[in-house]
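Biologist: Hello! I am new to this one, so could you show it to me and let me ask how you know what you know?

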Amino acid sequence: MLHAHYLTCDLDGLHPRFSWKISTDLPNAMQQAYHLEVCADGFLHDSGEVFTDQSIFVAYCGSPLHYAAVYSWRVRVCVNDAWSEWSDYAAFETALEKWQAPFIQADDAPGESCAKIFRREITLRKPVQSARVYATALGLYDLQINGRAVTDTCFNPGWSAYQKRVLYQTFDPTPYLSNGKNTLEATVAPGWYKGDLGFVQSRNLYGDKMAFAAQIDITYTDGSAETILTDESWQFADSPIVYTEIYHGETYDARRENPTHWQPATLMPAPAFAVEPFDGVPVRRQEVFAPIAFFTTPKGERVLDFGQNLTGWVAFHVSGNAGDQVILRHAEALDSEGNFYTDNLRHARCTDTYILGGGSEKIYQPRFTFHGFRYVALDAYPGDIDPARFEAVALYSDMEKTGDFECSEPLINQLQKNITWGLRGNFLDIPTDCPQRDERMGWTGDAQVFIPTAAYLYDVRVFFKKWLRDLALEQYPDGGVPYVVPDIIRLDPKLDFEHSSCGWGDAAVIVPWALYQAYGDARLLANQYASMRGWVEYIRARANNNLWNTGYHYADWVALDAKEGSCHGATPTDLCATAYYAYSTSLLAKAAAALGNDADAVKYRSLHADIVQAYQQEFFTPTGRLAAHTQTAHILSLVFDLTPDAFISRTIGTLVQLIADNGGHLVTGFLGTPHFCHALSQNNRLAEAYALLQREEYPSWLYQVKAGATTIWEHMDGIKPDGTLWSAEMNSFNHYAYGAIGDWLYTVVAGITPTEPGYKRIKIAPQPGGTLTHARATLRTPYGTLESAWEIKDEKFSLRVIIPPNTTAEVRLPNGEVHTVGSGTYVYAGEK
Ligand code: BGC
């Protein structure tokens, strides 16, 4: 059995790249050649047999492709001297050559939060062969044809740097069109464009009026074609969604369905931004949860518990009289008395209201808002409450789940689950810090610390590709990087913030490099390269003698060694900033080398050496004492290779002492915590790393788990041992940043790392420890599924690995044995 499957095509304008995976039982399977065909009506590209082992991101090199066209392609592969059959066909579709449709507007006032419907009737007199709708909005939109939803994607058109680019979606409306009269309807809501946004209660940050634009292409069976663009022939009316805001929730008045007061839409002047095809991962409805409990709190609130903190909304069934109401409020936690706790939502009201129109039973769910919640308070509901009539729907970008980790310790398994839900809860079109309070912004620091873990859990390449493009677009001319992307801080007249904090702006370099390691996409790296270099040059212009000791920095944010009432950890800012300057510069040099830019590789290697030297002179005494006596200072000095060789044992010794001095626990924040276990395990302190991971008392990862967390908290002490809560100002229970420990589970406990980008070459070097008796991780790499599973039984260690076709691996056993292998399944056994 030999075949190519999982065909994927990456579109970049008219320049697709093709990837496939090889399925075979042959051991040591390596691709020797491929043969690829691309087909369309009257067009065919035949690559012929191409002798190469490249099976990912193979660039199309046939004659030019057409815009707005559908192609199919297939591949066959030669592996170990045998050719496979042709694969099944896969399809891809190119984008419009250029956006033509004008934007149309309604009459919404700047403060208004009612969704509007834009409508137009079209009459089809001939049978339709195929059709496409290309649509976008300033605001959020969904589409119906003849009352039926055309799309299953949510929060269209997504959140991009709207002042620079607004994205459009492509849908196939053919199944919804019928002969004769058809009604096209788009419902448009304020969303991120004009709704309340940011933590200082601002709105209209991109504009104070919603708009909609669409192009409908219809091809008839007789070969003729027609294009319909939005124009003044469209009408608008208030929708039954009388109020909708991302932070505050939605009010739907079923009595206002079928509006009668239609007015002509007006044309918006030609915009300054570009309209581009959507280049991210669409948000879809994912898991659904039934309530695990229904109870009344001491204060008398009737509460449904869905058992999982998630991001999404509640769908419910209801019947009653016209004017009856259902009112749902959402919360992540209960307070120490067991009452419904919403203080940490700050100004976000997170309330959905459904006003019944009477008649038969209805099923309702919101469309243009989302909530971060586990609990729902039913402030109003007509009749008896049957929990079975409610379900929580998780919403997130529809990425492929690629990784799994499981071990003998149930608490660690729950931690892994919580990390995964931290990702799901915060990967809603952009990577957000949190999904519940009046924030939900693309904080660069959070993304930077979590990216290595994220890439072990889901295929996040395309998701971050979109976000990185916005990051680059929003970078300042001097290379400075905003705190958040899309950068609403810059747009907010109430805020006079700086930009470019260490550990935050570094996302410009760290995220593309991490993606390159995980997925091997050199084009993505090349596209980001100018942005990466811009960031390092930004710092260089502000550094003094290679020390970054200027500007404002969040640095070791929310560390437990911060002064009472402060979020800034005790590690000196210039140390954190210079450490990150060195790290980003070293990655930039590697990226330059990977892209064949030798001049830059030499230049930034030399700059890196200078920064390291300056760091060592400034922060280490001549006898190797680190000037800053904090855990994070020692961690960064070790993991970013800033410690002189002669001082490594002193530095790691002091770090271990600093754990003991703090009663065996961490006091690190955003910058130190993600690397803590690595700093220990990379320096022969595996036992201490496991002890930190497995600590169950406050503060620790497992303390949260034992306290019932189902996601990752913003603070290690979000809920304190006495049940009291951290300040409501900053207490998210769904912040993925500290989930960055997930990377250690995969790379050290299970021992999986790529040694050539995209896992073309792999290292498997599990390091068993702690009380674990087995651990197993699987990862769907670009080449196929990889597995590392070890067990300790009767003092004997055994390891099973699965290496995907077209890759090679170095397997390193804990006893020091090394095996170099090709694809296949291998079992190794030995003394512990
Ligand atoms: C966010 C963080 C973010 C930080 C920056 C907070 O409000 O929730 O996760 O990185 O601000 O300081």
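Biologist: What percentage of the residues in the protein is buried?

Modeller: Buried residues make up 60% of the 832 residues in the protein; buried means under 20% relative accessible area, exposed over 50%, and partly exposed in between, with a 1.4 Å probe and protein chains only. Please keep in mind that this is a predicted model, where local features need pLDDT of at least 70, side-chain atom pairs count only at pLDDT 80 or more, and totals for chains, interfaces and linings use all residues. Residues are numbered from 1 along each chain as its sequence is written, and side-chain values use heavy atoms, with hydrogens and water left out.

Biologist: What makes the protein as compact as a globular protein of that length?

Modeller: The globule rule is 2.2 Å times the number of residues to the power 0.38, and the radius of gyration is taken over C-alpha atoms. For 832 residues the rule gives 28 Å and the radius of gyration of the protein is 28 Å, so the protein is as compact as a globular protein of that length. Its C-alpha atoms fill a box of roughly 80 × 70 × 55 Å along the principal axes.

Biologist: Why is Cys9 called partly exposed?

Modeller: Cys9 has 23% relative accessibility, so it counts as partly exposed. Cys502, at 0%, counts as buried.

Biologist: How do you know that Cys9 has no bond to Cys39?

Modeller: A disulfide is a pair of cysteine sulfur atoms within 2.5 Å. Cys39 holds the closest cysteine sulfur to that of Cys9, but it is 13 Å away, too far for a bond. Cys502 is in no disulfide either, with the nearest cysteine sulfur, in Cys576, 5.5 Å away. Searching the whole structure gives 0 disulfides.

Biologist: What makes E37 an edge strand?

Modeller: Strands are DSSP runs (E, at least two residues), helices are runs of H or I with at least four, and both are numbered from the N terminus. Two strands pair if DSSP finds at least two bridges between them. E37 (752-756) pairs on one side only, as does the other edge strand, E43 (818-821). They belong to an open sheet of 4 strands with mixed pairing, in the order E37-E38-E42-E43.

Biologist: How many bridges join E37 to E38?

Modeller: There are 4 bridges between E37 and E38 (residues 761-764), and these strands run antiparallel. Pro754 stands opposite Ile762 in E38. Across the protein, the secondary structure comes to 15 helices and 44 strands.
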